[in-house]
Amino acid sequence: MRLTLKHELLALGLVLTLGASWPALAENAKPPPEKKFETPVGLALSVKQIGPVTQTTDLQILCVLKHDPAGDQYIEAMQDFNEKQGGLLSALRERGEFVGELGETLLYTPPPRSITPKRVLLIGIGDARELSLDRLRLAGRIAVREAVRLGVKHASFAPTLRDQGSSVIDVGEGDAAVVEQVLLAFDTEKRLQQQGLAPRLQLSSWVIEAGPKYFDGVITHVGETLQTVSKTLEQREKKPYVNAAPAPAK
């Protein structure tokens, strides 16, 4: 909503009356709720009560269901995400240029002055009727490997399945499945880098975005998954990936 001059003057008068300054008010603004976790792989992880339109991040990642010719659903966060970018997502889907097949990806830069993320990565999750935790695990692996390949420092992930009309998977369980694979795949990338088999890692933090209705449930499931990930990592082979010096090139 745009403030009129009258409203702006009234607001300024209120500030002067209270003896506060605009910067002081800004400083007092509460940040969105966020729960931070320590991870066994050194990647800073948090669950944050925010949507993909206003999150500040190098790379915003979303899961997208396969395009439904009868009509895709855009609800709450997904509707806001699409509308703030002038219908970019719906245009791509309806023109068949990003269908949302399982594993399909699309990277783009948002239109100027639309949303706060610097870049957006869409990951296709396939047909809504075939949605499963394994598909979200795959999306998690794709997401972290693309974030590493792109050299970003901060990545944020929003499954947005409820915002596309799907209620097949519990939100907390789905986010936990993504986190599990993000951390395991990050561990692999980290060891590849340590053994000189991959470029230096830039990725340092990962945010899972959750709406107010699901925030507490996501925190619970993600916390439980961290214990599972730690046990899996303890059982991983510790030897270098390359057992002997590679044969010289002929």
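## Helix α6

Let's start with α6, a helix of 24 residues that runs 34 Å from its first C-alpha to its last, close to the 34 Å expected at 1.5 Å a residue. That expected span is 1.5 Å times one less than the number of residues. Helices here are DSSP runs of H or I with at least four residues, strands are E runs of at least two, and both are numbered from the N terminus. This is a predicted model, where local features need pLDDT of at least 70 and side-chain atom pairs count only at pLDDT 80 or more, while totals for chains, interfaces and linings use all residues. Residues are numbered from 1 along each chain as its sequence is written, and side-chain values use heavy atoms, with hydrogens and water left out.

Of the 24 residues in α6, 19 are buried, so this helix is largely enclosed by the rest of the structure. Buried means under 20% relative accessible area, exposed means over 50%, and partly exposed sits in between (1.4 Å probe, protein chains only). At the N-terminal end of α6, Asp-170 acts as a cap: one of its side-chain oxygens lies 3.0 Å from the backbone nitrogen of Gly-172. After α6 comes Gly-196, with a positive phi near 70°.

## Two unusual phi values

Most residues other than glycine have a negative phi. Glu-76 has a positive one, near 45°. You'll find Glu-76 in the loop between β3 (59-65) and α3 (77-84), and it counts as exposed because its relative accessibility is 52%.

Thr-160 isn't a glycine either, yet its phi is positive at about 55°. Thr-160 sits in the loop between β6 (154-158) and α6, and at 7% relative accessibility it counts as buried.

## Around Gly-217

Over in helix α7 (residues 215-234) you'll meet Gly-217. With 33% relative accessibility, Gly-217 counts as partly exposed. Its C-alpha is 7.7 Å from that of Val-171, though the two residues are 46 apart along the chain.

## The whole chain

Stepping back, the protein chain has seven helices and seven strands. Their order along the sequence is α-α-β-β-β-α-α-β-β-α-β-α-β-α. Buried residues account for 42% of the 250 residues.

Now for contacts, meaning heavy atoms within 4.5 Å. Among those between residues at least 6 apart in sequence, 74% join residues at least 24 apart.

Definitions and conventions. A polar contact is a pair of N or O atoms within 3.5 Å; within protein, one must be able to donate a hydrogen and the other to accept it, and residues adjacent in sequence count only if both atoms are side-chain atoms.
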